[in-house]
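Open the model in your viewer and keep the selection panel at hand. The tour goes stop by stop.

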Amino acid sequence: MLHSEPAAARSGFMHSPSHQPFADYDPSPYFCELTSRRPGGEAARAAVQARIGTIGLDALRARAAAAEHDLIDLGITFTVYSDANAIDRILPFDCVPRILSAAEWATLEAGVKQRVAALNLFLHDIYHGRKIIADGIIPADLVLGNSNYRPEMEGFPIRFGTYVHICGTDIVRDTEGRFLVLEDNARTPSGVSYVVENRHLMARTFPDLMAGMRLRPVDDYGRRLLAAMVEIAPDGVDEPQVVLLSPGIYNSAYFEHVFLAREMGVPLVEGADLVVENDRVFMRTTAGRRPVHTIYRRIGDDFLDPTVFRPDSMLGVPGLIGAWRKGNVTLANAVGTGVADDKAVYAYMPRIIRYYLGEDAILPNVETHICREKEGLAYTLANLGNLVVKPVGESGGYGITIGPRATRAEIDAARDALLADPSNWISQPVIGLSVAPTLTDAGIRPRHLDLRPFAVTGRDTWVLPGGLSRVALKEGSLVVNSSQGGGSKDTWVLADDAETAP
Amino acid sequence: MSRDVPLLARYAEGLFWLARYLERAENTARLVDVTQTFESPGREAESWFALVRINADEAGFRDRGITPTAEAVKNFYLLDPLNPTSVVASVAAARMNARTLRPLISTEMWLQMNVFHRDIAATSDNELAGDRLSRLCRRIKEGVQAHTGITEGTFFRDQGWFFYQMGRLIERADQTTRLLDIRYHLLVPAAGEERRIAELAQWSGVLRGAAGYHAFRRVAPPSFTPRDVVAFLLTDTAFPRSVALCIAGIEDCLTQLRSRYGLRGTVAALERTEELRGAILGRNVDAIIATGLHQFLDGIQSDLNSLAAEIGTAFFRDWRPLA
């Protein structure tokens, strides 16, 4: 019976759209996360569609507005800096959940674990024997000449060989529904707080949509993260003190730092709360100095220690790197991971995975042309109109030119930038990103989205079921970044596909 | 089962200021409210200037070229973001502290603070008009009181609680001395019965401003004089806004921090509280009035500042005296 509901909804031409939200929903030519047919999770997808139909557009809108109002009141915001102004904005919440079947998640989880394992092996190798360079798998200058390569890391032992303790993998789906990795975030990936908050928001605002669904829970993240932070603490410390190091309240991700500190139950410190004495790190408390053993830092490498990296950094802790090199404190993520999530190194990831693990990548890359290489540059210049051109050093969706959508002037500007500094660029074909039904002013409409699962690694890797689904709210837009008008969805992972109607 | 969890010095400082800024906002609303009741037709500016005087803001007005009309004074203390002691600025500063304290305070505290801040920041100057002013003051007081109640019901009782209480109590003691100061010139030996009655009405206004009128009537002698009002606000041991009760509360917090949490560095602050207690309770109120209440209150305010400085230098990360 549940299977018949979507069909009924789709054939509802006689109903006004406000009563049948899916009546004029048409995701073609893209893969739709809710309506495209595939084995596994059919009952849950059909039920969600039917329930949204029952709730109706007007009630959906009213509830979605109330949910966003909650976010504002709770200060669940990020800060956008434009010119001299800082504006607190919410990450818009779309109330139609994105559903991953147990089978889909099994693939994603295995793929993310594989990737994290390869990233860590790669980092260990390039900071030790550099076999992968000697074996000619990856060009030496791509690694050693990379601005994120840290000579300070050479030969430095890392517990369990884990450099990337927290990893966010950006994954998209093409028109066939294949999962592809778009980017690795191995420095300080953000967004996990929204995964958990979105679930809370969903449970508060749409209990009827969730009723009876058996979903993998997401509120275990803080405990898992803390366990990993304790695991990686220096040897011989009985009850390690973990802290979260944040740039402070002016950072755009401050809410997330608060969230993580609270979920772990550890102090959120700023650089000036820490002091280093005799290569040991202490935090300044009302009872004097207390030792600190693991630092989950949400500050970039450059800002960690003004005596080693940027001398003008006010955010860091003088002497921190010294204490770390002495093995008295652990940093998560390790210093120097940026060389592995670089967009140029990304192109080599399938080969890196095969080299270290002897396996093919479970989650393929998007085809990537490296403009520092002659063929890559030539191909990119010849096909600018059909390619997405990205700067390798940027994040947050800045500096991207999407060929098919660009004006002539924008194409020309991209060409000039490419020629001026080819090694700063990569290009990729435009992927027809999958879409999901999203509540818009015009009704339920398809909008493109991606997925960022979060992996936590101490001794072993654990992946938070689901991840952050970021959705481009503008019609036709492929840019999902929060700083550029993206929103997010609650991401459900079904506990068991075999189960029928919830 | 609670583990002894260390408290970041910066958090202790943030809690102290969070409470202090909110207490200030509440008391400023009380002062404004009470001043409005003193407003005499044709001499409004004069009544309102008393506020400027007790806050020692004469220079601030002069420097910014503000003529202290009734409207200007109300605006300065309620809505002026450039006046660091205005309600708007205090609530903004409290929210800023709450933001740094987000890892520590309850979600309910943060939610209320956030919404209260938004409400106060959106106050328009229409609300300063005579017929609406008292309602605005009530909204401010109630916002702070809601915060206080939520904090009482949800905030964890570890060391942080005591720093929070001390910030509140120091500010409250200070503000009570200012409330008293607003009418100190009425203590000049009175003429005639008619004048006496008019003055008593004003003192009742002061008591109402401190929410102490009914309590005072219960404990005061039947034929009370202004002296009794002064004694009540300075020395009563049961009235929550009396200076003596605030000092006792601070002493209590410091003692708890020392005995329960083993914090060293409380000695100097405890000495200051003892001195303050001596100054308030060690002298007869008549003698205080005879030698000059205004000077006495000034002295108490400066002692409270020294007390805050002792707490700040002993426990906070970067002690910075209040603007």
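Two strands count as paired if DSSP finds at least two bridges between them. Keep that rule in mind for the sheets. Note also that this is a predicted model.

**Stop 1: a four-stranded sheet in chain A**

Select strands 13, 16, 14 and 15 of chain A. In that order they form an open sheet of 4 strands, with antiparallel pairing. Which strands stand at the edges? They are strand 13 (369–370) and strand 15 (401–402) of chain A. Each has a single partner strand, so one side of each is left without a neighbour in the sheet.

Now zoom in on strand 14 (residues 387–391) of chain A. It runs antiparallel to strand 15 of chain A, and 2 bridges join the two. Pick Val389(A): its bridge partner in strand 15 of chain A is Thr401(A).

**Stop 2: a three-stranded sheet in chain A**

Stay in chain A and select strands 8, 9 and 10. These 3 strands form an open sheet in the order 8-9-10, and the pairing is antiparallel. Strand 8 (274–277) and strand 10 (288–291) of chain A are at the edges. Each of these two has a single partner strand, so one of its sides is left without a neighbour in the sheet. Ignoring direction, neighbouring strands here are turned by 40 degrees against each other on average.

How many bridges join strand 8 of chain A to strand 9 (residues 280–285) of chain A? There are 4, and the two strands run antiparallel. Select Val276(A) and look across to strand 9 of chain A: its bridge partner there is Val281(A).

**Stop 3: where the chains touch**

Show both chains. Here 20 residues of chain B are in contact with 18 residues of chain A. On the chain B side, helix 1, helix 5 (87–100) and helix 6 give two or more residues. Helix 6 of chain B gives the most, with 4 residues. By class, the chain B side has 12 nonpolar, 4 polar and 4 charged residues. For the complex, the predictor gives an ipTM of 0.90 and a pTM of 0.90.

**Stop 4: helices 6 and 7 of chain B**

Keep helix 6 (residues 107–121) of chain B and add helix 7 (residues 130–154) of chain B. Their axes come within 9 Å and cross at roughly 170 degrees. Helix 6 and helix 7 of chain B are therefore roughly antiparallel to each other.

Show side chains at the contact. The helix 6 residues of chain B include Met109(B), Met113(B), Phe116(B) and Ile120(B). Among those they meet in helix 7 of chain B are Ile140(B), Ala146(B), His147(B) and Ile150(B). The residues of this contact divide into 7 nonpolar, 5 polar and 2 charged.

**Stop 5: the two domains of chain B**

Colour chain B by domain. The assignment gives domain 1 (14–156) and domain 2 (157–323). Their C-alpha centres lie 20 Å apart. The contact takes 22 residues from domain 1 of chain B and 24 residues from domain 2 of chain B.

Which elements give two or more residues to the domain 1 side? Helix 1 (9–38) and helix 2 (44–54) of chain B do. Helix 1 of chain B gives the most, with 15 residues. The domain 1 side has 14 nonpolar, 3 polar and 5 charged residues.

**Last stop: confidence in chain B**

Colour by pLDDT. Chain B averages 91, and 95% of the residues score at least 70. Select helix 9 (residues 193–209) of chain B, where confidence in the chain is lowest, at a mean of 81. Then select helix 12 (residues 243–259) of chain B, where confidence is highest, at 97.

Terms used
Residues numbered from 1 in each chain as written. Chains lettered and ligands numbered in written order. Predicted model: local features only at pLDDT ≥ 70, side-chain atom pairs only at ≥ 80, totals over all residues. Domains from an automatic or database assignment. Contact = placed C-beta atoms within 7 Å. Nonpolar A, V, L, I, M, F, W, Y, C, P; charged D, E, K, R; others polar. Axes fitted to C-alpha atoms, helices over the stretch in contact; angles between N-to-C directions. Parallel < 35°, antiparallel > 145°, perpendicular 65-115°, else oblique. pLDDT = per-residue confidence, 0-100.
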